[in-house]
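Here is a friendly look at a ligand site and the enclosed spaces of a protein. Please have a viewer open as you read.

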Amino acid sequence: MADRKPIISGNWKMHLNHFEALKLVQELSYLITEDDVDAVDISLHPPFTDIRTVQTVLEADKLPFHLGAQHCHFEEKGAFTGEVAPSMLAKLNVGYVIVGHSERREVFGESDEMINKKVLAILAAGMLPILCCGETLEEREAGEAESKIARQVTAGMASVNAEQAADMVIAYEPIWAIGTGRTASAEDAQAMCAAVRSTVAGLYGDEVAQSVRIQYGGSVKPVNAHELMTQPDIDGALVGGAALEADSFARIAQFRLSE
Ligand code: PEP
């Protein structure tokens with residue numbers, strides 16, 4: 001791996017109320033050590049209703065986890081019932097926002113154009129996007145996986161400048177592996193993350209491509225984390241189900257300790 005600090009992100013999706021969130025963060029704080037966070041960035045992405053609670057405990061107890069969000073709108077304010085503006089998240093010291101998750105694309109109809117507007121708005125608010133991309137099983141079987149992710153990454157990063165791009169996180173998540181218990185082989189995950197990096201190289205050059213962190217997501221568990229995370233182009237994981245339980249998420253974050 002080049003000089004990139006891995007980032008392990010827990011996407012809690014629509015799970016855990018703010019009491020449960022507090023408990024999970026406290027449990028994580030007992031399991032994850034200073035050495036762990038020296039080696040790996042850890043971001044937690046609770047539902048909106050938990051963010052203020054998680055922020056308060058992180059700051060009061062000086063816990064070394066980054067606060068994340070799962071979603072936001074691209075507009076700063078207005079008549080957008082139910083939506084949350086990037087600046088509202090930044091005000092809560094949110095550092096990372098997931099954008100373009102396949103569930104947002106498929107269930108809520110988010111287009112590449114909307115996702116790009118969100119990427120730009122998140123950056124403008126001083127946060128970092130975790131831009132998701134990934135193919136369906138049909139697209140993989142049709143040999144279209146690489147062209148799909150190249151298209152999503154290119155569209156998602158339109159008008160992002162090189163300096164901003166260098167700090168971004170991109171999550172490669174094969175849709176058929178999300179929440180299914182099926183994981184891409186380490187070899188396939190590496191090949192796709194390398195394809196993401198080469199797309200970034202085509203857009204911004206090698207230096208930016210070597211700086212971007214690329215996560216793998218899709219049924220990452222303690223048992224497969226080490227093999228996936230030690231691939232040369234995989235710089236971390238976006239974790240769903242296994243992030244809801246302190247012991248499994250901590251063991252994923254500590255992947256470097258297992259063989
Ligand atoms: C995800 O939420 O992005 C994800 C990869 O979920 P899971 O780890 O449950 O497959």
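How many residues surround the ligand, and which are the closest? There are 14 of them, and the closest are Lys13, His101, Glu173, Gly179 and Ser219; a residue counts if one of its heavy atoms lies within 4 Å of the ligand. This is a predicted model, where local features need pLDDT of at least 70 and side-chain atom pairs pLDDT 80 or more, while totals for chains, interfaces and linings use all residues. Residues are numbered from 1 along each chain as its sequence is written, and side-chain values use heavy atoms, without hydrogens and water.

By class, the shell has four nonpolar, eight polar and two charged residues, with Gly counted as polar. Oxygen atoms of the ligand pair with polar backbone atoms at 2.6 Å for glycine 179, 2.8 Å for serine 219 and 2.8 Å for glycine 240. The protein covers 97% of the 300 Å² of accessible area that the ligand has on its own (Shrake-Rupley method, 1.4 Å probe).

Now to the enclosed spaces. The structure holds two cavities of 30 Å³ or more; a cavity is a set of points on a 1 Å grid where a 1.4 Å probe fits but cannot get out, and lining residues have an atom within 4 Å of a point.

| Cavity | Volume |
|---|---|
| Largest | about 50 Å³ |
| Second largest | about 40 Å³ |

His101 and Glu173 are among the residues lining the largest cavity, to which α5 (102-107) and β5 (128-133) each supply at least two lining residues. For the second largest cavity, β4 (96-99) and α6 (112-124) each do so, and the lining includes Gln70, Arg104 and Lys118.

Technical notes:
Polar contact = N/O pair within 3.5 Å; in protein donor to acceptor, adjacent residues only side chain to side chain. 1 Å grid on protein atoms, 1.4 Å probe; cavity = no way out; pocket = protein on both sides within 12 Å on 5 of 7 lines; lining within 4 Å. Points joined across faces, edges and corners; volume = space filled by probe spheres on them. Helix = DSSP H or I, 4+ residues; strand = E, 2+ residues; numbered from the N terminus.
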